[in-house]
Amino acid sequence: MLNEHPAVVQSAVIGRAVPGNEEVVAFVQLLPGSTVTPSDLMAHAARLLTPYKRPSEIIIVNALPAASSGKILKHHLADAARDGVIARV
């Protein structure tokens, strides 16, 4: 759904544990020069998703970690989210 936004190059979501549940965290790579904010992307998500499916947080990054095949390495995103080490834009 986030990839449908015209300013988004690619995105990935992970689950993050919270007491008694799990929440969705989205990582988004934007087109160079884009001025879209996480709030703009949250509004986009609100139009397309029911509340329980919406990300609790959208993090804009310079690039998503990927293998040489192009596959996004979600475990790197999960580790970064857990450890609080994320290269945000």
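**Questions on a predicted fold**

Student: Which residue stands opposite A26 in β3?

Tutor: In this predicted model, I58 of β3 is the residue opposite A26. A further bridge links V25 with its partner E57 in β3.

Student: What makes β2 and β3 a pair of strands?

Tutor: Two strands count as paired if at least two bridges are found between them. Strand β2, residues 21-30, and β3 have five bridges, so the requirement is met. The sense of this pairing is parallel.

Student: How do you know that β1 and β2 pair as well, and in which sense do they run?

Tutor: The same test of at least two bridges applies. Here 10 bridges join β1 to β2, and the two strands run antiparallel. One of these bridges has G15 with V24 as its partner in β2. In general, strands of a sheet pair through backbone hydrogen bonds, in either the parallel or the antiparallel sense.

Student: What lies between β1 and β2 in their hairpin?

Tutor: Two residues separate the strands of the hairpin. G20, in the turn, has a positive phi of about 80°.

Student: Why is the pairing of the whole sheet called mixed, and what is the order of its strands?

Tutor: The sheet is open, with three strands in the order β1-β2-β3. Strands β1 and β2 run antiparallel, whereas β2 and β3 are parallel; the pairing is accordingly described as mixed.

Student: Which are the edge strands, and what makes them so?

Tutor: They are β1 (8-18) and β3 (57-61), each of which pairs on one side only. From one strand to the next, the twist averages 25°.

Student: Which strands does each helix touch?

Tutor: Helix α1, residues 38-48, packs on the sheet and touches β1, β2 and β3. The direction of α1 makes about 130° with that of β3. Helix α2, residues 74-83, also packs on the sheet, where it touches β1 and β2. The direction of α2 makes about 55° with that of β1.

Student: Why is β3 said to be largely enclosed?

Tutor: Four of the five residues of β3 are buried, so the rest of the structure largely encloses this strand. The chain reaches β3 from β2 by way of α1, and this β-α-β crossover is right-handed.

Student: Why is V61 called buried?

Tutor: The relative accessible area of V61 is 6%. The cut-off for buried is under 20%, so V61 qualifies. V61 is found in strand β3. V61 and V28 are 33 residues apart in sequence, yet their C-alpha atoms are 6.0 Å apart in space.

Student: How many residues does the protein have, and what share of them count as buried?

Tutor: The protein has 89 residues, of which 30% count as buried.

Student: How do you know that the radius of gyration agrees with that of a compact globule?

Tutor: For 89 residues, a compact globule would have a radius of gyration near 12 Å; the protein has 13 Å, so the two agree. Its C-alpha atoms fill a box of roughly 40 × 35 × 20 Å along the principal axes.

Student: What pattern does the protein follow along the sequence?

Tutor: The pattern is β-β-α-β-α, with two helices and three strands in the protein.

Terms used
Residues are numbered from 1 along each chain as its sequence is written. This is a predicted model: local features need pLDDT of at least 70, side-chain atom pairs count only at pLDDT 80 or more; totals for chains, interfaces and linings use all residues. Side-chain values use heavy atoms; hydrogens and water are left out. Axes are lines fitted to C-alpha atoms, for helices over the stretch in contact, and angles run from 0 to 180 degrees between N-to-C directions. Contact means heavy atoms within 4.5 Å. Buried means under 20% relative accessible area, exposed over 50%, partly exposed in between (1.4 Å probe, protein chains only). A crossover is right-handed if, with the strands pointing away from the viewer, the path from the first strand over the helix to the second runs clockwise. The radius of gyration is taken over C-alpha atoms; the globule rule is 2.2 Å times the number of residues to the power 0.38.
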